[in-house]
Amino acid sequence: MAGLSRRRFLQGVAGFGAGVLSGCGGLPLRSGGKAHVVVVGGGFGGATAAKYLRLLDANIQVTLIEPKAKYITCPGSNWLFAGLTSLDQLTVDYQALQYRYGVKLLVDRVSSLDPARRSLRTLGGQSLSYDRLILSPGIDFRWDAIAGYDQAATEQFPHAWQAGLQTLLLARQLQAMPDGGVVLIAVPADPYRCPPGPYERASMMAYWLKQRKPRSKILILDAKRSFSKQTLFEAGWTKHYGYGTANSLIEWHSLADNPLLELNKQSRVLTSEFGDQFSGDVLNIIPPQTAAQIALQHGLTDSTAWCPVRPLTGQSLFDDFIHVIGDAAHYAPIPKSAFAANSEAKACALAVTSLINQTPIPEAHWLNTCYSLIAPEHGISVAGVYKLDAANAIMPVKGAGGVSAGTDGEAVALEADYTRAVYRSLMVDTFG
Amino acid sequence: MKRICYVAVALVASTLNAIAHAEIDARAIAFNCRNCHTESSLDSKSSIPSLKDLSAQRIRQALLDFKYDKKPATLMPRLAKGYSDAELAAVAEYLSRN
């Protein structure tokens, strides 16, 4: 004990209250002075990671690289189809991260990554070195999954699975459709971004069509046999949209054994493996997904096309100094949601500050809650509490989580209110 | 004199480290409360209860009541069941001070 060095003492102090005693945790770092963490991707994962790194240790320099100066959130974007929100209301900038938390923002794109040198270059010509890199780059699409459905085809048949112009395009197509028209929503197999998203989308479209074009129909063609919150969605559809009757606004069909293989752009026909043909006035095709290009290009994905990580720290299995969080990473059984990305970012930020300051890494805890609106006054939710098991794999904590218990009018109205409130608070916790 | 000084430093350091470990565990859980329970003027119209100015004892009792189904709510009973009583107490303590 007598040999305890001043440095170790200061490390202990720095771990206790880095905000108060910043300046004491100065260990030798490759950048010489302060540690530098680069975060790539300014969505819910990346923005939360950048903010919480600075909150945890103001001595760490954080650079956030994001190609867009403003971010349009996928959460809430389905509400646009019911006329409940606008792109403006879904848009956030990075001013608070920069000026309140001291995150350095680079509106730029990574062009090359040199993991051996722990450095990267951007399209804008910047060269950055990092002590640790956190990637939260989101998703990309498998353009080879449905023949004929390529990037160019999205301008005619929007996926609207990254919010923005695609969302507007789909909303306009819905508005232009004749009464009695058919909206077709093609849904991929798991895993994909936002498991309940397609069904909330169908609900919001049905809410709008019920008032404006009640003879119309939404046809969900699903690559799965069942889906997230299915019982709650179907109960809500029965209550509001005549689900299960001949006049239902929504029909759900599983194509688990008969996947959609081809799109004919001219005839607007989707053909399945058994030769079944489907068409509609609006074709919303949500293709199967992969981790974003940057992860694929730099060998951070495995055969699943997602990034395997050590969950405690988020470190890539392929590079100790690169952490991957959010939709691009494999955190199953935690679903790919904005809420989960925020939670993964916090665990990662705690681990990264611990690694940099050489303090013990705390036990990781993750949380997910996904709310969906079936109608403006009808909300439902699913939640999960997660931690590591003895084999260091993520497991849902037994007895916790699950779907909404209350299904009466009062409960679903409360949950609709919470759906909107949680969206706002998640925005503040992430970007504000 | 020098030795006494080292011992004193070691005692302080070990105490701080012990606190640091408990603190960090609570943060790992409590950060996830902030997804919903943000303390921001931007969110003043929220229907989600603010935790501001609540004592550790009040937060702890509420969490335990959610966990053991003594206090009905739409979401919190599902979440509180994911943690030990000791974890909930540590989270309450953390949230009352931050």
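## Close-up views of chains A and B

Read from its N terminus onwards, chain B follows the pattern α-α-α-α. The model shown in these views is a predicted one.

**View 1. Chain B is built from 4 helices and 0 strands.** Of its 98 residues, 44% count as buried. Chain B exposes about 5400 Å², and carbon and sulfur atoms supply 61% of that area. Among contacts in chain B with a separation of 6 or more, 52% are accounted for by residues 24 or more positions apart.

**View 2. Helix 2 and helix 4 of chain B pack with their axes within 8 Å.** Two packed helices are described by the angle between their axes and the distance between the axes. Here helix 2 covers residues 56-67, helix 4 covers residues 85-97, and the axes cross at roughly 145°. The crossing of helix 2 of chain B past helix 4 of chain B is right-handed. On the helix 2 side, the contact is made by A56(B), I59(B), R60(B), L63(B), L64(B) and K67(B). Helix 4 of chain B brings D85(B), L88(B), A89(B), V91(B), A92(B), E93(B), L95(B) and S96(B) to the contact.

**View 3. L51(B) sits in the loop between helix 1 (2-30) and helix 2 of chain B.** With a relative accessible area of 14%, L51(B) falls under the 20% cut-off and is therefore buried. Setting aside neighbours within four places in sequence, L51(B) is in contact with R34(B), H37(B), E39(B) and L95(B). One of these, L95(B), is also among the helix 4 residues that meet helix 2 of chain B. Look as well for N98(B), which is 47 residues away along the chain, with its C-alpha atom 9.7 Å from that of L51(B).

**View 4. Chain A combines 9 helices with 26 strands.** Buried residues make up 59% of its 432 residues. The accessible surface of chain A comes to about 17000 Å², and 51% of it belongs to carbon and sulfur atoms. Of the contacts in chain A between residues at least 6 apart in sequence, 65% join residues at least 24 apart.

**View 5. S216(A) lies in the loop between helix 5 (197-212) and strand 12 (217-222) of chain A.** S216(A) counts as buried because its relative accessibility is 3%. Its side chain reaches the backbone oxygen of K213(A) at 2.8 Å. A polar atom of the S216(A) side chain also lies 3.1 Å from the backbone nitrogen of G180(A). Beyond neighbours within four places in sequence, the contacts of S216(A) include M177(A), P178(A), D179(A), G180(A) and G181(A). L209(A), S248(A) and L249(A) are in contact with S216(A) too.

**View 6. G379(A) belongs to strand 24 (residues 378-388) of chain A.** Its relative accessible area is 0%, so G379(A) is buried. Not counting residues up to four places away in sequence, G379(A) touches S372(A), L373(A), V412(A), E415(A), A416(A) and T419(A). The C-alpha atoms of G379(A) and D417(A) are separated by 7.5 Å, although the two are 38 residues apart along the chain.

**View 7. Helix 9 of chain A runs over residues 409-431.** At 1.5 Å a residue, its 23 residues should span 33 Å, and this agrees with the end C-alpha atoms, which are 33 Å apart. At the start of helix 9, a side-chain oxygen of D408(A) reaches to within 3.1 Å of the backbone nitrogen of E410(A).

Key:
Residues numbered from 1 in each chain as written. Chains lettered and ligands numbered in written order. Predicted model: local features only at pLDDT ≥ 70, side-chain atom pairs only at ≥ 80, totals over all residues. Heavy atoms only, no water. Helix = DSSP H or I, 4+ residues; strand = E, 2+ residues; numbered from the N terminus. Buried < 20%, exposed > 50% of the residue type's maximum accessible area, 1.4 Å probe, protein only. Contact = heavy atoms within 4.5 Å. Areas by Shrake-Rupley, 256 points an atom, 1.4 Å probe, with all protein chains shown as cover. Expected span 1.5 Å × (residues − 1). Polar contact = N/O pair within 3.5 Å; in protein donor to acceptor, adjacent residues only side chain to side chain. Axes fitted to C-alpha atoms, helices over the stretch in contact; angles between N-to-C directions. Left-handed = near helix turned anticlockwise from the far one by under 90°.
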